[in-house]
Structures are given as C-alpha cells and as structure tokens.
Amino acid sequence: AEALGQDVLLYTRFDQTSPAAFVNAMLDGRADGLIFLAPIVDSPALEQLSTKIPIAIASGLEVPGIPSFTCDNRHGVHQAIAYLVSLGHTKIGNLHGKLHLVDGIERLEAFRSAMAEFGCEVREEWIIGGEFHPVGGYEAGKKMLALPTRPTAIFCANDEMAAGLLQAAYAVGLSVPEDLSIVGFDDVPTAALLHPSLTTLRQPFEELGAAALKALIAQINGDDAAPHYQFQTELIVRKTTTSPKEDPS
C-alpha cells in the first residue's frame, strides 16, 4: 500500500456488529474499497456489499464475482502428514482451529483425508480444537497428552497453537522432538525463534496480501481485477520433528 501511495484503515469490529450496521459503516465514505481478512461474513452479505464498493478477500471463502486469494490448505496439510509418515509416524494427532473459518475447516478436512490416504488410523480423541491461539493449543495439548495412549506426532493448524502445544509437552515432562514431534502451519516469524525451532508449513503472507491489494486497486481504478488465486505452501523442516520411539505410551 505504501509503495502504491495508498493509506490503510483497519476495521476490527465487524464480527461484533449486526450485518446491517456493518454494511452501513463500510459505506460511510471512509474507504474506497475493502479487503476482508479471513471473513466469517456469509457469502450473500459479501455479494450484496460488492455491488456497492470494491472488495477483495484474503484467506477466506471464494465468492462469485469477488477476487479472492488463499493458500492451498489441503496441499499444505498433505505435505505435513506425508513428511511425518516418512519419518515413521502413524499415530498422529491434530489440533484444529476455529471451524467457522475457511482455514479451520479446510485444514481439518485435509488432515482426515491425508491420514486416510497414508493408511493411518484417525482417532477422534486425538483431534481437539485449539481456537488458533497459544492458550488454546496449550490446553488442548495437555488434554491430549494426558490420554492413556498418546500420539507420537501432532499436526497443529497454525503456529500459535503449536507454540502452546510445545509448552504443554514440557509441562507434562515430555521432550520435543524425542517424545513428541510437532508440525505447525503458517511459518510466522516467531516459529524459528521457539526452542526447539518449529517445523511448519510456510504460506506466502506478503505475496497474498499484495495480490489482494492490487486486485482491490484495480477495481477502484475501473480495471479488470485478478480472479481467485491459490498460493502454494512450503514445508520448512526445523527441530521439532524426528522419528518416533517404538512405544509412545
């Protein structure tokens, strides 16, 4: 935005207002266009709003007629599970995110699909929600790791939950990665600073955000905007993963 000479306004309360009040706030002239980040607003509301003001979507649902930009959640999760299986893991748990968000839904569905593809049993007690934040990851991790039989590896739907899980493992006396392998998703800047550093899936935040902004400005200028585009993830192997012990109990 700075390079293109544009100012950015952040509106953070859209999920706490009624749809009518939200639409009125967005159309009061304060902005020339809107970028929705991981929206939970339903498709009809977005379609209606898009007839009144230029819109782009980043990390959210695909809406007809609105440019949207995402990362390939399904391929990314497949990469993570394939890597864990290559290390010898078959007992793999999952900390999933909020299931009213596209990333939460797709990453959980992809986990189940990849586990089935690689012939790994999906145990429901090893699938727990962590709300996409560190405290949620910590609490969900302690719950899972207290089970009579625990997984040898856990895939987390984002890095914040993985950070919480790492602390939960230490709290119950486990060593990472010797006793438990952990994989995150996103590759946020702090992922490399954790101890041990986090193995994770990198999604190209800067490229995704830039594409959404360029599509929005194109609409504002009356030009054709880019259609839906899906960015690929990259597996970043660090220090939280290794081969499993024979008996994880």
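Analyst: Two strands pair if DSSP finds at least two bridges between them, and the strands (E, at least two residues) and helices (H or I, at least four) are DSSP runs numbered from the N terminus. In this predicted model, local features need pLDDT of at least 70 and side-chain atom pairs count only at pLDDT 80 or more, whereas totals for chains, interfaces and linings use all residues. Residues are numbered from 1 along each chain as its sequence is written, and side-chain values use heavy atoms, with hydrogens and water left out.

User: How do you know that β6 and β7 pair?

Analyst: Three bridges are found between β6 and β7, which run in the parallel sense, and three satisfies the requirement of at least two, so the two strands count as paired. In this pairing Ala-153 stands opposite Ser-181 in β7.

User: What makes β4 a partner of both β5 and β6?

Analyst: Strand β4 (residues 92–96) pairs with β5 in the parallel sense over three bridges, and four bridges join β4 to β6, again with the strands running parallel. Each of these counts reaches the required two, so both pairings hold. Asn-94 takes part in both, standing opposite Ile-127 in β5 and having Phe-155 as its bridge partner in β6.

User: Why are β5 and β7 called edge strands?

Analyst: The open sheet of four strands has the order β5-β4-β6-β7, with parallel pairing. At its ends, β5 (127–129) and β7 (181–183) each pair on one side only, and they are the edge strands. From one strand to the next the twist averages 20°, where axes are lines fitted to C-alpha atoms (for helices, over the stretch in contact) and angles between N-to-C directions run from 0 to 180 degrees.

User: What makes both faces of β6 count as covered?

Analyst: Ala-153 and Phe-155 lie on one side of β6, with Ile-154 and Cys-156 on the other, and all of them are buried. Buried means under 20% relative accessible area (exposed is over 50% and partly exposed in between, with a 1.4 Å probe and protein chains only), so each of the four side chains named for β6 falls under that limit. Helices also lie over this sheet: α4 lies across β4, β5 and β6 (153–156), running at about 170° to β4, while α6 (residues 159–171) lies across β4, β6 and β7, running at about 150° to β6.

User: Why are α3 and α4 called oblique to each other?

Analyst: Helix α3 (residues 73–87) and helix α4 (residues 102–117) pack at about 45°, with their axes 8 Å apart. Angles under 35 degrees count as roughly parallel, over 145 as roughly antiparallel, 65 to 115 as roughly perpendicular and the rest as oblique; the angle of about 45° fits none of the named ranges, and the two helices are therefore oblique.

User: How do you know that α3 and α4 meet, and which residues do so?

Analyst: Contact means heavy atoms within 4.5 Å. Asn-73, Arg-74, Val-77, His-78 and Ile-81 in α3 meet residues of α4, among them Asp-103, Arg-107, Phe-111 and Met-115. By class, this contact has six nonpolar, two polar and six charged residues.

User: Why is Ile-81 called buried?

Analyst: Ile-81, found in helix α3, has a relative accessible area of 0%, which lies under the limit for a buried residue. Leaving aside residues up to four places away in sequence, Ile-81 touches Ile-92, Phe-111, Ala-114, Met-115, Phe-118 and Phe-155. The C-alpha atoms of Ile-81 and Thr-233 are 14 Å apart, although 152 residues separate the two along the chain.

User: Why do β1 and β9 stand at the edges?

Analyst: Another open sheet of four strands has the order β1-β2-β3-β9, with parallel pairing. Its edges are β1 (34–37) and β9, each with a single partner strand, so one side of each has no neighbour in the sheet. Neighbouring strands of this sheet are turned by 15° against each other on average, direction ignored. Helix α7 (residues 205–220) packs on the sheet and touches β1, β2, β3 and β9, its direction making about 170° with that of β2.

User: How do you know that β3 pairs with both β2 and β9?

Analyst: Two bridges join strand β2 (residues 55–58) to β3, which just meets the minimum of two, and three bridges join β3 to strand β9 (residues 229–231). Ala-58 stands opposite Phe-69 in β3, and Cys-71 stands opposite Phe-231 in β9. From β3 (residues 68–71), Ser-68 and Thr-70 point one way and Phe-69 and Cys-71 the other, and all are buried.

Conventions. Nonpolar A, V, L, I, M, F, W, Y, C, P; charged D, E, K, R; others polar.
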